[in-house]
Amino acid sequence: MKIAVLGPGALGCLLAASLKEQGEEVVLLDYRPQRRELLQRRGITVHTLAGEVRVAPVPVALAAAGGAFDLVVVAVKAYQTEAAAGLLPRLLAPGALVLTVQNGLGNLEALAAAVGPERLLAGVVFAGATRPEEGRVVHAGAGPTVIGAPPGSQVTPARLAQVAQVFRRAGWECRIRDDIEVVLWEKLLVNVGINPLTALLRVPNGVLPAIPPAWELAVAAATEAAALARASGLALTVDPDTRLREVCAATAANLSSMLQDVLAGRPTEIAALNGQVVARAKTHGLPTPVNYCLTRLLEALEAAAPSRPSAEKDLVV
Ligand code: KPL
């Protein structure tokens with residue numbers, strides 16, 4: 001199976017490196033020529049959960065160059081989904097599958113608009129990974145990966161099992177669920193709670209439960225999202241407080257993806273996470289004051305970044 005991983009972020013690099021190490025025919029796709037060149041030259045360095053450091057010589061190509069892949073794993077940030085979707089038609093072999101492993105809501109809809117819903121798979125990754133520099137990834141938290149065929153997909157159980165096998169061979173604990181939408185929402189609860197608060201406070205995931213005012217807000221944001229999921233007809237079984245606590249413990253040393261974005265001066269995924277909760281809740285008449293505040297705070301944080309003094313001494317007048 002020819003596999004492309006689209007997006008050399010923390011997750012994309014980790015996935016491509018582990019597939020390569022197992023001898024899969026995998027290519028990492030980037031859209032930036034200079035970075036592509038750097039990654040191709042250096043390879044992808046992985047700091048494993050066991051503390052080993054390994055370099056995987058993953059081939060890196062420009063996404064715009066096209067290709068004929070049997071499976072394209074979309075691992076770009078949610079705010080890049082539209083752009084990634086535009087590239088997909090020229091990357092797919094006949095009958096190819098597209099698997100999104102992104103955070104947030106709205107990705108499946110954007111990908112379906114570009115390549116049709118029938119070939120889509122959705123994946124939810126509970127592992128934590130950080131990218132201290134381009135092409136270097138630290139596997140910082142254990143967690144399963146769950147994949148499934150979302151509504152509208154016509155991917156057969158046999159092909160789904162084939163994809164799961166590829167992940168398992170590469171060392172990923174991969175589960176299949178036929179209610180993948182429920183899993184996507186359960187991950188959303190985690191992300192709307194943990195991501196903005198760790199990004200605002202600049203703390204690793206494991207610290208959050210020990211800060212009572214922040215924890216209260218994290219659980220409240222996840223509870224609002226859970227109410228929206230139920231109003232949308234999804235039978236969520238998880239308790240937000242318990243679930244958030246479990247993920248914070250399992251990814252204690254990890255910096256959330258949103259904190260990594262803030263520290264690197266990149267845009268965040270707040271619009272696809274808490275912002276989507278606020279927007280979708282309106283159609284159900286549900287109040288989402290905590291998600292609204294967190295969305296506005298992250299938007300403000302991003303907008304203020306260029307004006308922030310770089311060190312305390314800059315504040316002395
Ligand atoms: O998905 C994550 C993220 O950071 O985006 C968690 C699970 C919270 C791990 O950090």
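Begin in this predicted model by selecting Val 46 and Val 137: the bridge partner of Val 46 in β10 is Val 137. This pair belongs to the contact between β3 and β10, two strands that run parallel and are joined by three bridges.

**From β3 to β4**

Keep β3 displayed and add its other neighbour. Strand β3 covers residues 44-47 and strand β4 covers residues 53-56; the two are antiparallel, with four bridges between them. To locate one of these bridges, select Thr 45, whose partner in β4 is Val 55. Next, show the connection between the two strands. β3 and β4 make up a hairpin in which five residues separate the strands. Within that turn, select Gly 51, which has a positive phi of about 90°.

**From β10 to β9**

Return to Val 137, the residue in β10 that is the bridge partner of Val 46, and extend the selection to the whole strand, residues 136-141. Strand β9, residues 128-133, pairs with β10 in the antiparallel sense over four bridges. A selection of Gly 128 and Gly 141 displays one pair of bridge partners, with Gly 141 lying in β10. The turn of this second hairpin has two residues between β9 and β10. Gly 135 is in this turn and has a positive phi of about 80°.

With the strands still on screen, a general point helps in reading the side chains: in a regular strand they alternate between the two faces of the sheet.

**The ligand and its shell**

Now centre the view on the ligand. The space that the ligand takes is the largest pocket. Select the residues that surround the ligand: Asn 103, Lys 187, Asn 191, Asn 195, Asn 205, Val 247, Asn 254, Ser 256 and Ser 257. Colouring this shell by class gives seven polar residues, one charged and one nonpolar. Then show helix α6, residues 180-201, as a cartoon; this helix supplies the largest share of the shell, three residues.

**Polar atoms at the ligand**

Which distances separate the ligand's oxygen atoms from polar side-chain atoms of Asn 195 and Asn 254? For Asn 195, the distance from a polar side-chain atom to an oxygen atom of the ligand is 3.1 Å. For Asn 254, the corresponding distance to a ligand oxygen is 2.9 Å. Add Asn 103 to the selection: an N or O atom in the side chain of Asn 103 is 2.9 Å from an oxygen atom of the ligand. Finally, switch to a surface display. The ligand taken alone exposes 280 Å², and the protein buries 95% of that area.

Conventions: Residues numbered from 1 in each chain as written. Predicted model: local features only at pLDDT ≥ 70, side-chain atom pairs only at ≥ 80, totals over all residues. Heavy atoms only, no water. Near = heavy atom within 4 Å. Polar contact = N/O pair within 3.5 Å; in protein donor to acceptor, adjacent residues only side chain to side chain. Areas by Shrake-Rupley, 256 points an atom, 1.4 Å probe, with all protein chains shown as cover. 1 Å grid on protein atoms, 1.4 Å probe; cavity = no way out; pocket = protein on both sides within 12 Å on 5 of 7 lines; lining within 4 Å. Sits in = over half its atoms within 2 Å of the grid points. Nonpolar A, V, L, I, M, F, W, Y, C, P; charged D, E, K, R; others polar. Pairing = 2+ DSSP bridges.
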